[in-house]
Amino acid sequence: MNSRIGRHFLHIPGPSPVPERVMRAMDMPVIDHRGPDFKKLGEDVLEGCKAVFQTEGPVVIYPSSGTGAWEATIVNTLNPGDKVLMFETGQFATLWRQMAARWGIEVEFVSTDWRRGADPAIVEAKLSEDRSKTIKAVMVVHNETSTGVTSRIAEIRKAIDKAGHPALLLVDSISGLGSADLRHDEWGIDVTVSCSQKGLMLPPGLGFTAISEKALAASRSNTLPRSYWDWAEMLKPNASGFFPYTPATTLLYGLREAIAMLREEGLPDVFARHQRLAAATRAAVQGWGLEVLCQEPTEYSPVLTAVVMPEGSGADAFRKIVLDRFDMSLGAGLGKLADKIFRIGHLGETNDLTLMGALSGVEMGLHAAQIPHQRGGVLAAMTKLRSGLDD
Ligand code: PLP
């Protein structure tokens with residue numbers, strides 16, 4: 001039986017479903033990006049983004065994927081030969097490290113078992129050891145989308161301060177922003193990297209960097225040649241709402257609407273909703289007798305839950321059955337987790353009933369694929385949603 005009627009259940013951890021309201025906002029004729037109507041749109045989104053990043057400073061918006069914004073962060077703040085400290089929290093940290101290495105950056109890569117986040121105590125120890133202050137930056141993935149683990153950025157900031165170290169704090173919140181609390185200014189982040197297709201509920205195509213004063217100063221003295229990604233080139237026209245090259249106008253209409261939606265719900269409520277849905281998802285996993293990949297309860301991701309397959313069962317065959325039978329996409333295991341886990345996205349426009357639909361699809365899929373499990377995960381999730389967050 002192949003069910004293609006009704007809507008597709010997109011439950012990968014990004015791209016996330018685009019709300020109808022955002023779709024309608026993007027249904028606009030393309031306008032002159034040097035004209036007065038664009039100026040208003042440009043000013044609205046450049047200003048509006050600041051509230052989402054919780055910053056007073058500039059947020060640069062690129063027509064790019066998140067990977068582009070990663071590169072923008074590196075080329076504006078670092079030079080070949082610079083040392084940085086990174087944590088192998090999963091596949092995305094591994095890819096960002098690979099990119100840094102390609103730019104000639106010397107990366108000290110602290111390994112983990114991909115089941116926990118970056119350890120603030122290790123940050124403090126490594127920076128305290130670095131008496132000559134040669135480490136230029138600590139680069140951390142906030143929400144590791146490949147594992148469902150959220151690193152404690154505020155604690156990492158405190159660790160850097162305790163070590164009395166001047167390293168920049170560069171944070172990938174590509175899948176965290178708009179779903180998990182992220183306070184660019186309050187947490188002393190120097191660059192927050194993000195993109196459009198996760199918590200911002202937009203199609204792919206926009207990359208962001210929120211920039212601190214210190215990061216901006218670092219970019220002014222940074223000698224690495226750069227052009228497309230150059231913050232200085234962006235910030236000049238941004239001051240009057242414009243862009244140095246053709247912006248992704250249609251996506252910016254959507255961004256304006258998505259920001260309005262986040263503001264209407266209120267960021268604290270947006271974050272609480274994600275925490276609630278994540279707790280219900282974990283209750284379901286426990287109810288099925290399966291294991292959540294993340295092993296640190298303080299680091300459970302509000303964005304996605306990675307589920308470990310029982311020994312001898314392949315995650316990809318299971319995901320295929322779920323897609324074929326129920327028209328639902330679940331996230332694949334990436335890198336060394338390929339075929340070993342599947343990921344349930346509960347970010348963006350997800351609410352209680354969409355989550356219950358998704359979890360029902362997982363439970364029916366486990367049954368259809370004859371994966372050893374217990375029944376009752378869906379019931380456990382429903383009970384959790386009814387009782388709120390009292391675990
Ligand atoms: N970093 C994280 C944490 C991600 O989840 C992703 C994509 O899922 C990326 C980086 C790369 O972003 P993109 O695929 O938009 O280039």
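**View 1. Q54 sits in the loop between α2 (36-53) and β2.** Let's begin with a backbone detail in this predicted model. Q54 is not a glycine, yet its phi is positive, at about 55 degrees. To find the residue, follow α2 into the loop that leads to β2.

**View 2. A cis peptide bond links G14 to P15.** Here is a second backbone detail to look at. Omega for the bond from G14 to P15 is near -5 degrees. P15 itself has its place in the loop between β1 (9-11) and α1 (20-26).

**View 3. Twelve positions to look for are listed here around the ligand, from S65 to K198: S65, G66, T67, W70, F92, V141, N143, T145, D172, I174, Q197 and K198.** By class, this shell holds 4 nonpolar, 6 polar and 2 charged residues. Helix α3 (residues 66-77) gives the most to the shell, with 3 residues.

**View 4. Side chains of T67, Q197 and K198 meet oxygen atoms of the ligand.** Zooming in on the polar atoms, start with T67: an N or O atom in its side chain is 2.5 Å from an oxygen atom of the ligand. For K198, the distance from a polar side-chain atom to a ligand oxygen is 2.7 Å. Q197 also takes part, with a side-chain N or O atom 2.9 Å from an oxygen atom of the ligand. The ligand taken alone exposes 390 Å², and the protein buries 86% of that.

**View 5. Seven strands make an open sheet with mixed pairing.** Reading across the sheet, you will pass β2, β10, β9, β8, β5, β3 and β4, in that order. The edges belong to β2 (59-63) and β4 (106-111); each has a single partner strand, so one side of each is left without a neighbour in the sheet. On average, neighbouring strands here are turned by 20 degrees against each other, direction ignored. Helix α8 (residues 231-238) packs on this sheet and touches β2, β9 and β10. The direction of α8 makes about 105 degrees with that of β2.

**View 6. Strands β9 and β10 run antiparallel.** This view moves in on one pair within the sheet of View 5. Strand β9 (residues 191-195) is joined to strand β10 (residues 206-211) by 5 bridges. If you would like a landmark, V191 stands opposite I211 in β10.

**View 7. Another open sheet, also of mixed pairing, is built from 5 strands.** Its order is β1-β13-β14-β12-β11. At the edges are β1 and β11 (291-292), each of which pairs on one side only. Strand β11 pairs with β12 (residues 304-308) in the antiparallel sense, over 2 bridges. Within that pairing, look for V292, which stands opposite V307 in β12.

**View 8. Helices α11 and α12 lie across strands of the sheet in View 7.** Helix α11 (residues 315-326) lies across β13 (328-332) and β14 (341-345). Its direction is at about 165 degrees to β13. Helix α12 (residues 352-368) lies across β1, β13 and β14. Relative to β1, helix α12 runs at about 85 degrees.

Technical notes:
Residues numbered from 1 in each chain as written. Predicted model: local features only at pLDDT ≥ 70, side-chain atom pairs only at ≥ 80, totals over all residues. Heavy atoms only, no water. Near = heavy atom within 4 Å. Polar contact = N/O pair within 3.5 Å; in protein donor to acceptor, adjacent residues only side chain to side chain. Areas by Shrake-Rupley, 256 points an atom, 1.4 Å probe, with all protein chains shown as cover. Helix = DSSP H or I, 4+ residues; strand = E, 2+ residues; numbered from the N terminus. Nonpolar A, V, L, I, M, F, W, Y, C, P; charged D, E, K, R; others polar. Pairing = 2+ DSSP bridges. Axes fitted to C-alpha atoms, helices over the stretch in contact; angles between N-to-C directions. Contact = heavy atoms within 4.5 Å.
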